[in-house]
Amino acid sequence: MSEALPHPPPPEQRVLLGKVVKARGLRGDLKFVSLSWDPQRVANLESVWLLTRDNEVLLVHPKRLVNEGANTFIRFQEVQDRTSAEAVVGSEIFIAEKDR
């Protein structure tokens with residue numbers, strides 16, 4: 001029997017961590033702007049939510065985070081190529097307030 005996916009928190013219970021601003025490369029890397037004092041925080045979480053430009057809410061799992069100077073790049077397990085990465089550009093990255 002499969003485990004049910006968690007439901008996203010309602011808007012008033014979301015904590016915004018950052019925003020995806022650009023796709024990079026062919027493997028699904030995403031440049032994001034962190035709103036947290038520690039961008040590494042996103043990579044240390046088991047999962048986060050994405051709110052896409054189309055108001056779709058997706059549960060994703062951080063796989064890798066790289067800081068290059070002032071830029072931060074993240075890869076999610078579910079975003080595996082350039083096409084998938086471009087589809088989530090503009091998305092907000094958030095967690096539930098209870099997971100702060």
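Which strands each supply at least two residues of the lining of the largest cavity? They are β5 (62-68) and β6, where a strand is a DSSP run of E with at least two residues, numbered from the N terminus. The model is predicted: local features need pLDDT of at least 70, side-chain atom pairs count only at pLDDT 80 or more, and totals for linings use all residues. Residues are numbered from 1 along each chain as its sequence is written, and side-chain values use heavy atoms, without hydrogens and water.

**View 1. The largest cavity.** A cavity is a set of points on a 1 Å grid over the protein atoms alone where a 1.4 Å probe fits but cannot get out. The volume of the largest cavity, the space filled by probe spheres set on the points, is about 30 Å³. Its lining residues, which have an atom within 4 Å of a point, are R24, D29, R64, L65, V66, F73, I74 and R75.

**View 2. The largest nonpolar core.** This core, a set of buried (under 20% relative accessible area, 1.4 Å probe, protein chains only) Ala, Val, Leu, Ile, Met, Phe, Trp, Tyr and Cys residues joined through side-chain atoms within 4.5 Å, has 19 residues. Among those that touch the most other members are L17, V48 and F76. The strand β1 gives the most to this core, with 4 residues.

**View 3. The surroundings of V48.** Not counting residues up to four places away in sequence, V48 touches (heavy atoms within 4.5 Å) L17, V42, L58, L59, V60, P62, F76, I93, F94 and I95. V48 also belongs to the lining of the largest pocket.

Definitions and conventions. Buried < 20%, exposed > 50% of the residue type's maximum accessible area, 1.4 Å probe, protein only. 1 Å grid on protein atoms, 1.4 Å probe; cavity = no way out; pocket = protein on both sides within 12 Å on 5 of 7 lines; lining within 4 Å.
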